Amino acid sequence: MIPASFDYSAPETLSEALQLLGDEEAKVLAGGQSLIPMLKLRLAQPARLVDLDRIPDLNFIAEDNGTIRIGAMTTHHQVESSDLLAENCPLLAKTAAHIGDVQVRNRGTIGGSVAHADPAADYPAALLALEAQVKLVSASGERVVALDEFLVDALTTSLEDGEILTEVHVPVEQAGVATAYRTLIQPASGFAIVGAAVRLGVSNGNVSFVRVALTGVGSKPYRASAVEQALEGGPANAEAFAAAAAHAAEDVDVLSDIHASAAYRASLAAVQTRRALEDAAGSA
Amino acid sequence: MDISVTVNGERFERPVEPRRLLVHFLREDLGLTGTHIGCETTVCGACTVMLEGRSVKSCTVLAVQADGKEITTIEGMASNGELHAVQEAFWNEHGLQCGFCTPGMIMSVDQLLNDNPSPTKDEIRHGIEGNLCRCTGYQHIVNAVEAAAKAKAGV
Amino acid sequence: MATTTTAPKLKTHVGERIRRTEDPRLITGTACYLDDITRPGMLHAAVLRSPYAAARINSISIEDALALPGVKAVYVGKDVESVGGVPCAGSMPDLRIPNHKILAGDRVYYVGHPVAAVVATDKYIAADAIERIEVDYEPTELVSDPEEALQEGAVKVHPEYPDNVAFTFSQEGGDVEEAFRQADVIVKEKILVPRLAPLPIETRGVVAEYDEGAQELTIYSSTQIPHLLRTQLALQLNLPEHHVRVIAPEVGGGFGSKCNVWAEEALAAFVAMELKQPVKWVESRRESILVVAHGRAHVDTLELAAKNDGTLLGLKLHILCDIGAHHQLLTPIIPTLAVLMLPGLYKFRSFKADLIGAFTNRAPSDLYRGAGRPEATYVIERMVDKLAAEIGMDPAEIRFKNFPASTDFPFNSATGLQYDSGDYATAFNKALDIVDYKARRAEQEAARAEGRLYGIGISTYGEICAFGPSPATPAGGWESASVNVEATGKVAVMTGISPHGQGEETSFAQLTADALGIPMDDIVVVHGDTAKVHYGIGTFGSRGISIGGSALHLALQDVVAKATKYAAHMMGVDAETVTFEGGVFSSEATDSTLTLADVALEAHLCRQLPPGTEPGLAATRFFEPSNFAFPFGAHICVTEVDKETGEVDIQRFVAVDDCGRIINPLLVEGQIHGGIAQGLGPAFQEGVIYDDEGQLLNGTLMDYSIPKARNMPWIETDRTETPSPVNPLGTKGVGEAGTIGSLPAFVNSVVDALSPLGIEHIDIPMTSQSIWNAIHERSRT
């Protein structure tokens, strides 16, 4: 359980980091709570680590014009305990509180987690429900991409060689929208077997706004469009939630492993989605 | 690489390989063996130390990442021969048996009480979920955390 | 020398909740565990293990590894052929013990089988070098499942044993066939008890150092049995035992996994002697889960015969134990304990058990906390519940009906054991009162009316411990203790047990403080070093206080008797007139008194040695128990099952345990709590998973799940105290009780919760997935 050798750089500016990443054997270190275990198991053997921890511009939470920008090196703990987020994007703050354990949250970062693209990570459920975007910067420029496009498959993203994920963008939560996150976790790792994030607006007893996203179910976290469509404009009651939640794993190639069969996961997806809808409706 | 780290108030300068884990740096290079290694996969928490005032698992931090930073280990908890309130509470409440998880557990409890000075039993159980204990069934640890919280509050 | 001062009135220590004397070093990070040891010039070893469950080794190329700067040596099987194999203490007539060398020869038999060892100046280099060893494996056919292993035509694990049978064991009592003929009802079940990783938070490790001049080998090992290890290492390495010193430093938990003699211990010793340099090997967590002998590993088939009124008549049991590819120290013995304890707390009239140990291409299995008794208790408590359900009787009532009365003790069990003492109904009633059983049943009725799955599970368990009478214990069941009152009046206690978290430094000091009337601060309890302590057996099988403590009790009596003689001589009175209380000798024949310290100094100065008395104030005694001790208790678990997710909420957990006389209630509670965690873990989440290729699928703590704080319920403990007559302290032992008692209470509770759905049994671990499966299957049919 000892990593193979590598070189290490801890640049203090983004441009320096981008330059170092020109070496294609280099890998970004952004907290390391997923990468360092992989190094120790020698599942990853990069030639160089470029540690983003000393770039001050990457650790911030700021709001302007209805968009909250979160620097990639912002820790889960900072997200969880941010007053700005508690006020303006509570779903993200409460989701962060579910990740791993205190020590992991003190060290792990939102950029690192999103770029690692673990199919059972907690963040993507909330971020997809929030229609989050990620900012990707390279030596030749920058682009802002919807998270849905950024996530390609398990542990695979559309991040290109030489690019660094620098920010995550989420909207300030709309007035009248309540949120919830429900998970059932794999007891050893604490990762989600299924996690369901919900944003729900109800007006005159009917669903006026709904976003549902799930993690852990398939090889990639996803927006449950079928659930949203079934609810949109209809009644916000238990029957409707149950009927809509039944679509939670529709058209998804559901994962099966030693911790949960595909049938169990699919069933949990529906149950947790329904419960998250109920939680949100109850807290509105 | 040469790194400079302040551990328990004392500054140390040492050369390290980039791959050297912080826990090995503390235990072997500095001789601070109170921090233990239990699982190597960021689960058990036996290696928990404070890095810049926040608890981290030192088996999942590179020593080079700690360059220029401040660390507190279990050896730095007692001061002037006086046990820290959390240490005293673990002793009084029998919050340990084999003791192997204990240093990391104490560091996590310190973090917990810094963040939440009067946690409920449920909050305690969640606050220490990053630390495994195979001996106690956690019940006396929960008691110890409650006792430490009271002691710190001067109750 | 005689003084007239009266020693301060000292409070009684035994029976008090006294915080532990070992804790200051543990809570400050100053304790020295195995990996904290460094020796001058120390090298670091790493072990290469087989990735295959069965393969021929065609060749091993070590040149690349040796070429790495810092690598001192690489060893493969042929290099260590002179070292004796890993020992096994079984003694069945048909026991087959395959050659178990410390490194594989030309074949590997399980994933994790040690193949080569690298020794380097640094553990980072050793880890790099391991990757540079190239082994040409030729995978062969294998059998991973124990039931498959016993089928006709199965792949042979060891070609020399074509039926894969490692041993058999049978036992019978009463006329079981007659019992089954008389039965109104017969219930049957097949119950799987999966392999469990013991998982102390400190993995195994060893430091070996050889002093060539003195020809002395020193082994530091994270072990529960330093003396037994010394004897075995002396045999394996062909050294006189007096040239081997074994030290158990601070040991970070064992749970049976360190009550063994491991290949790596002899390997490290061999390397240190070869290279004339100290060497350290510390196991990784992955290695630990992979190869540290798993516990349990049973496939049990049971039939229980009873009358319609709930009277238990007879029991038939077939145990198939998956022993893996090789034996470890106690591998064949552990499942026999399950046979012996199968009748539990009940008055069975007859009994028949057959046990087969099967070779498989898996890592060896061996003892883990409870060792045989959790398996027995689990299956009998399941069967009794199943019978109660079958005949429509309350599960509490059926237990009361079949307990022996407190006046029936010593009670002879159906398997021929003599249970020493007990009052099962009182302990059970206490548990029922605490949980308010009637109220819980009423609550259950209300819950069921609402369609909720609410369960109440009972486990009334007994166990056999305080190992044990030597004829029934593989390596001797006695223990030694020495007490030395030093010239200053301070006292050193040397014990042959080797505690590693149990707290005997404290409880032995309590016994000593009361016997000698001195403060605990004046006492040191020494253990775990064969150079400091007389031969002993070690710490396992809940024996520390009962056997080691009894030896101490005898030695303390001797010391007091001798000191009394001195005191009488010093005071010039008859010894018969001298009384000793609170550390002070006094006599009705004189006004003067003496403290123990006064006497100790004189015993060392010997200015007025009493006639017929030797100098010094020390005693060494050995204790051999006349029987095992049999603790018991009742655990009750109240659960509610989430019908949709299969999650279980433990609402109440009540544990009333009787471990005989109690020296320190605080430590007893700690053992109960921790024991319960190791019973509940396997009940709801633990268990290693092997695939058909013999690969272990959950080999890290990211996948193998032991209880975290949030998984554990609040445990409501209480106790009864029925002294044991088989040792002078009246203690029984408590290290394993919680593990034994708790698991069936949880399982019975969940099955009770699910019973309205027609579910009669779910194998452990009862994960939310497996519970959901059972519910889901029922709701489909």
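This is a guided tour of a predicted model, stop by stop.

**Before you start**

Residues count from 1 along each chain as its sequence is written, and chains are lettered from A, with ligands numbered from 1, in the order in which they are written. Local features need pLDDT of at least 70, side-chain atom pairs count only at pLDDT 80 or more, while totals for chains, interfaces and linings use all residues, and side-chain values use heavy atoms, leaving out hydrogens and water.

**Stop 1: the cores**

Select Phe90(B), Leu304(C) and Phe746(C). These have the most contacts inside the largest nonpolar core, which has 219 residues. A nonpolar core is a set of buried Ala, Val, Leu, Ile, Met, Phe, Trp, Tyr and Cys residues joined through side-chain atoms within 4.5 Å. Buried means under 20% relative accessible area with a 1.4 Å probe, protein chains only; exposed is over 50%, and partly exposed lies in between.

Now colour helix H18 of chain C, residues 737-754: its 10 residues are the largest share of this core. Helices are DSSP runs (H or I, at least four residues), numbered from the N terminus.

Next, select Ile497(C), Leu516(C), Ile518(C) and Leu554(C). They are among the 49 residues of another core, apart from the 219-residue one.

Go back to Phe90(B). Leaving out residues up to four places away in sequence, its contacts include Leu96(B), Met105(B), Ile141(B) and, in chain C, Ile27(C). Contact means heavy atoms within 4.5 Å.

**Stop 2: the domains of chain C**

Colour chain C by domain: domain 1 is 23-31 + 478-623, domain 2 is 34-140 + 203-251 + 258-291, and domain 3 is 295-468 + 627-780. These bounds come from an automatic or database domain assignment.

Look between domain 2 and domain 3 of chain C. Their C-alpha centres lie 37 Å apart. Here 30 residues of domain 2 are in contact with 27 of domain 3. The two bury about 2200 Å² between them, 68% of it on carbon and sulfur atoms. Buried area is the accessible area (1.4 Å probe) that two parts lose on being put together, summed over both. Show His100(C), Tyr110(C) and Ile289(C): they supply 22% of what domain 2 buries against domain 3, more than any other three residues.

The salt bridge count between these two domains is 0. A salt bridge is a side-chain nitrogen of Lys or Arg within 4 Å of a carboxyl oxygen of Asp or Glu.

**Stop 3: chain C against chain A**

Show chain A. Its 24 contacting residues meet 25 of chain C. About 2100 Å² is buried between the two chains, 55% of it on carbon and sulfur atoms. Select Glu644(C), Gln769(C) and Trp772(C), which lose the most area to chain A, together 25% of the chain C side.

There are 5 salt bridges between chain C and chain A. Zoom in on Arg274(A) and Glu644(C), whose side chains form a salt bridge at 2.5 Å, N to O.

**Stop 4: chain B against chain C**

Finish with chain B. Its 50 contacting residues meet 52 of chain C. The buried area is about 4500 Å², with 56% from carbon and sulfur atoms. Trp91(B), Arg134(B) and Gln139(B) supply 21% of what chain B buries here, more than any other three residues.

This interface has 7 salt bridges. Pick Arg710(C) and Glu129(B): they form a salt bridge, with the closest N and O atoms 2.4 Å apart.

Note on methods. Helices (H or I, at least four residues) and strands (E, at least two) are DSSP runs, numbered from the N terminus.
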